[in-house]
Structure formats: structure tokens, C-alpha cells
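Hi,

Here is the structure I said I would pass on. Have a look at it first, and my notes follow underneath.

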Amino acid sequence: MNDRAKFGSERTVVNESGIEIRPLYTARDLEESGGAQAIGQPGEFPFTRGIHSLMYRKQPWTMRQYTGFGSPSDTNERFKYLIANGQTGLNVAFDLPTQCGLDSDDALAEGEVGRVGMSVDSLRDMEVAFEGIDLERITVSLTVNGAAAILIAMYLAMAEKRGYDLKLLRGTAQNDILKEFIGRGTWVYPVEPSVKLVGDTIEYCAALAPKYSPVSVCGYHIRESGANPVQEMAYAFCIAKAYADEVKRRGLEVDEFAGRLSFNFNVFGNIFEQVAKFRAARSLWARIMKEEYGAKKPGSMWLRMIAGGGGLTFEQPEVNIVRGAYYALIAALSGAQTMALCCYDEAYTIPSEHAQRLSLRTMQLLIEEMGLTDTADPLGGSWYVETLTNQMRKAMEEAMADVDARGGIVKLVAEGAIQAEVSAQAYSMAKRIESGEFRKLGVNCYRVEEEEKHIEFHPYREEEVRAQIAGLCEVRRTRDAAAVAAGLERVEHEARANLNVMPAIMQAVKSYATVGEITTRLIGVYGRYREPIRF
Amino acid sequence: MNQRTRPIRVVLAKPGLDGHDQGAKVVARALMDGGCEVIYTGLRQTAQSVARIALDEDADVIALSSMAGSHLPFCRKLRTLLVEAGLTDKLWVIGGNLPAQDHAELRALGFKGIFPSSSRLGDIVDFIRSHA
């Protein structure tokens, strides 16, 4: 389907966000889009050009591949492999039972233990997973959602036990439950108590682990579920505001917690649209924090972000290596603080060591050979990029205003309205791809029939599952049963009293109470989420 | 294909803990546009709940969407329950992240339509319309 329809002067080009792209940009376009006043300088409000003045010249982005499978010891081995190959952070994948608050021997966990991530039942597993890893040098991001409060507590308890000062401990937890209701689906409790729990983690960390980022708000998965780049940012910001509001209601000042909010966004798509998206989002977030929330510290206004790439294809998987390289370039041109690249085999399987190292090398190439760390915001001042940045910012503001006018993000998510919207868009995009209108290489153009695939499938080992369950039974048998019972009682009691449950969860995890045991107590108080079926 | 007096009824389920439902929802819409009635179960279905919903809804088609790799253990359990429920004359199909080496077992378990990632929507709809 190598036709000429994509070219020619008559063609109208509209980006994914619905903005018409002109064949040439000049100073006049920038003027018409609102001018240059929001550009500023890197490290200065409104941070369009980056949150630090020197950006990567001072410190390159953190490289943090998403990793985890099987048992904590399997995963620990892969962590060490990646660190030995130059990775500078860890981004931990947990299996679905862990993320959904189930123990490995729960009937609902059957067939899923250690399948898509590492299995964690108790503090013991957390200890094994990070054994021998310097948690000061390597910052850890935990992709936990439904069970985030418990897993954050386990991480902090593990670090404390190893002698780290929680006041200095850095790290991140995904812990963005509102986006789990929109896409990805590892929810446990109904929407309102889920948001309350996120508030508990923010409040707790602000007081006891002030350098730890207890929530990374994710536009990433909303985009994967069908949202366009403008909606990705707008919904993520509405969600971040919902968490900020939850914490402000408890009397915290914005500058006490906003400096530790972080974000996770997607980079696939049109290079310039993506770069403009990040630049626009940085200044929009800075303005929201300063003007709406009254933040005074610049750190509270910074959009700290991890950027990673979805958008890979099942077809011609080796082409994903090239896609990944462009995604890394986009993330670097956009000023991301952290990068995680999906691996070329990720549409098939848990990435092999080889594939993960290749992703790491892709990012390292930009640092070592391509000059991406020399100068902050290298695309700044381009009439095209600056005009698009203004236009994207305006579109994001409109999308956020629309959410507010319809009752706010918490209400719209609880009703399933956002879910219905993104799935309608996913369907319309699927049709555009099938018709060939929206190009996807290998999918609807430049197809190769009978391609040979060089994919090494990650084995799923049943004996690992049996060992994980045996380990869980061993923990249950050898721990102090009275201490566990007291910890669980306190969790339930404080949840019922509508107190911050984090201190109680900390006590429970330290007695080796399990993810499933704590979750069961919380479900007893909060109930379970019932998914509105809307699409 | 028999003359039908009603549209094809498809129970479309998300088995297990897998929360990636974008594909299932896209297929649900494509089937509806293709004239089918779709009963989408939502996430977190057990083999028991899929069999029960299929029976209660008088499904012509039992469709699963699995992205998280646990399709084989799930389908083994589901097969037993669907046989017990007398639903062997219905069309069983599955889509999602299904490695090629698993297709033979899925077929042997009774799944006539297997649609791995990258299958075309039109092919899924046509298959269901011609086999249900």
C-alpha cells in the first residue's frame, strides 16, 4: 500500500490531538498562537524548556527498564544484570495477584503467580528482591496500584531494616489508582476509598519519607487505552489535582507534598507533537500549581516525568528496535527525567536479557554518541515546535475545563464516562488503522508475509510458583502470630475510624502480615469496586 | 449457516486478573457494528462466572480476551465447566496475546477461533458470523 495519497500539496494534515499542521511555520504563526511569552528559560517558571537550568548536562536522565517476573530471587538476578550494564534505576513489575492484593495461594491467583511480574506476598519477598542493591545509588520505582499502600509500606520497612534513613530515601510508586479504573484494571476498592488511600500514602510520606515520591500519575496507560496526546495530559492533570485536593483537605500545605508528585507519560506518535506535548504540559502544570494551588517552591511546580514508549507492533518485531530509538530521542528532546523503553519483543513476551540490554544501549547511545545531553531544550525556539506547544497547551486547558464542567474526574471515572470515551476513540483508531488511513508500518503498509520471528519466549515455570507458595507458608508458620493479629486489627480499626491507615499498615507488614491478609481487612471496611460496564 | 431468528449473542469475557481491556472493548464494538449482540462481562471473570453468564445469557458464542499469559490454565478449567453446562455446541473463541505454540492446545480444548494480537477486526467478525 505504498500509494501517493499521503503526499501532495492538497493534503490536509491533522495531528492525533486534532491540530492542523501547516507546511511551514514562521514567526507569524507563533505570534498568532499566543506568542513567545510562555517560553522562558530552562529552570525558570513556567519551565516550558525544562525543570532544571542545565538539564542533562548536569545529569542525564535515569534509565529504568520495566522489569520483574517469577520469584523475587529471579527478579533480583535480572536487576543486577541491568545495573551491571549501566542501568541507573529500577522499575519493578509485580505480578497481577500482588497488584490486586491477593496472596500467591489465593484461588483467584491460580495460573497468574509470577506470570507478568514478580510475586510479593510479605516483607520477606521484598527483602529478597532488593538484596545486594544499593538503594541510595539506585532509585526504585514500584509499579503497584491496587495494593500500593501495602507495597510502599513493605518497601519502606525493608529499607529501614537495612539501615537506610527514610528521611533521605528516594524512590517512586506508581500508585495512581484513578488511571487503573480507566485502563489497566488492577483496582481493588471502590473509587472514593481508593483515592483516600492514595491520600494516606502522600500524607504519610510527606511526614516520614519526604524525598520518596508516593505517587506517579500516569497519562501513559490512559493514552494506551485510546486517549489522544492532549487527553493523556489533561486527564493525568485532573487526576493529579484530585490527589492534591484529597491531601489539601487534610490540612497539608501544597509545598509540603507537591514537590514529590511525579508523572509517567507515553512518547509514541509524531515526534513534534510529542515534544510540544511535554513542553506545553510542563508550563501548564507549573501554572496550575502556582496559580490554583498557591505553590511557592519551584519544586512544587516541576513536572517530573518518566517517559516511555508503547506503540510497538506484533508485526516485524525487529522494527520495534528502531521505533524504540526514536521514542528515546523524543523523550530526550522533551526533557524527561527518566526513561523506560519497551523492548522489541514486548508485544510477545517478558523481555529477554538481550532485548532489555538493547533498550538500555539505545538510551546510552543518545548520551554517549549523539549529543543529546549537551544543551537544554534543543528544539526550543523552533517556530513549529513553539507554535505547536502553545496550541497543545490551549487544547489541554480546554480538555481539563471540560472534565470539570462535567462534574470532575472522580465522578466521571466512577460513572465510567472517561472509560467509554477512550474506548470509543480506541475503536475509531483501530478502524483508521485497518482502513490504512492512519499508517502503522508492518500493520497496514510495508507488510511482509511469512516473516520469521526471532523471539525468545520467557518460560513460565510451575516449580517457581510452588516455591513461592511454600515460602509464603513458611513465613506464615514462623512469624509471631500475635503480632500479626494485632497489626491486622489495627489496620481494620483505623480504616473504620477513617484515619490514615499507613502507620497501621507499616506495623502489620513489619510483623510479616501478607498482602492478601491486609487487603482482606481493608475490603471488609471499604468494600470492593464494581466496574461500570460502559464502552 | 442456519436462518437466524435473532442476532448472534456473544458473551465476551475478560478472564482472570488481566486488566487490559482496550482490545476486548474494541472487538465488542466491532461485533456490535457487525450485527451481533454483545454481553461484555467486564474484568476479573473466573471460569465459573464465564460458564454461568454464558448459560444465563443463552450465548451463541463464548469469547475470551486474554493479554496476560494465563490463557492455558484458564481455558483448561473453563472447558470442563462448559462441557458440564452442556455448552459444547456453542462457538468458543479466544483472542489476545496468544503465542503460536499454544494454538494447538487451545484448538484441542475446543476453541475454534484463535485470534492472536494483530488479528484484523473484520476477520474476527466474519469468523463469528459464519461459524456461530
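What should helix α13 of chain A span at 1.5 Å a residue, and how far apart are its end C-alpha atoms? Bear in mind that this is a predicted model. The helix covers residues 319–334, and its 16 residues should span 22 Å. The expected span is 1.5 Å times one less than the number of residues. The end C-alpha atoms of α13(A) are 23 Å apart, which agrees.

That helix is also mostly covered, with 12 of its 16 residues buried. Among them are Asn320(A), Arg323(A) and Tyr327(A), and also the run from Ala328(A) and Leu329(A) through Ile330(A) to Ser334(A). What do the buried residues of α13(A) pack against? Their partners in chain A are two helices, α11 (271–292) and α14 (353–368), and two strands, β11 (305–309) and β12 (338–341). Right after α13(A) comes Gly335(A), with a positive phi near 80 degrees.

Now the domains. Chain A splits into domain 1 (13–435) and domain 2 (464–526), and their centres, taken over C-alpha atoms, are 29 Å apart. Across the boundary, 33 residues of domain 1 are in contact with 24 residues of domain 2. On the domain 1 side, α4 (123–129), α5 (148–161) and α7 (191–208) of chain A each give two or more residues. The largest share, six residues, comes from α5(A). By type, that side of domain 1 has 16 nonpolar, nine polar and eight charged residues.

The largest nonpolar core has 203 residues, and those touching the most other members are Leu151(A), Ala153(A), Met339(A), Met396(A), Ile505(A) and Val10(B). Both domains of chain A give residues to this core, so it lies between them. If you want one residue to zoom in on, try Met396(A): leaving aside neighbours within four places in sequence, Met396(A) is in contact with Val230(A), Met233(A), Ala234(A), Ala280(A), Ala281(A) and Leu284(A).

Last, the contact between the chains. Here 30 residues of chain A are in contact with 25 residues of chain B. On the chain A side, α3 (96–99) and α17 (417–435) each supply at least two residues, and α17(A) has the largest share, with five. The chain A side divides into 15 nonpolar, seven polar and eight charged residues.

Cheers

Definitions and conventions:
Residues numbered from 1 in each chain as written. Chains lettered and ligands numbered in written order. Predicted model: local features only at pLDDT ≥ 70, side-chain atom pairs only at ≥ 80, totals over all residues. Domains from an automatic or database assignment. Contact = placed C-beta atoms within 7 Å. Helix = DSSP H or I, 4+ residues; strand = E, 2+ residues; numbered from the N terminus. Nonpolar A, V, L, I, M, F, W, Y, C, P; charged D, E, K, R; others polar. Buried ≥ 20, exposed ≤ 12 C-beta atoms within 10 Å, placed from the backbone. Core = buried A, V, L, I, M, F, W, Y, C linked by C-beta atoms within 7 Å.
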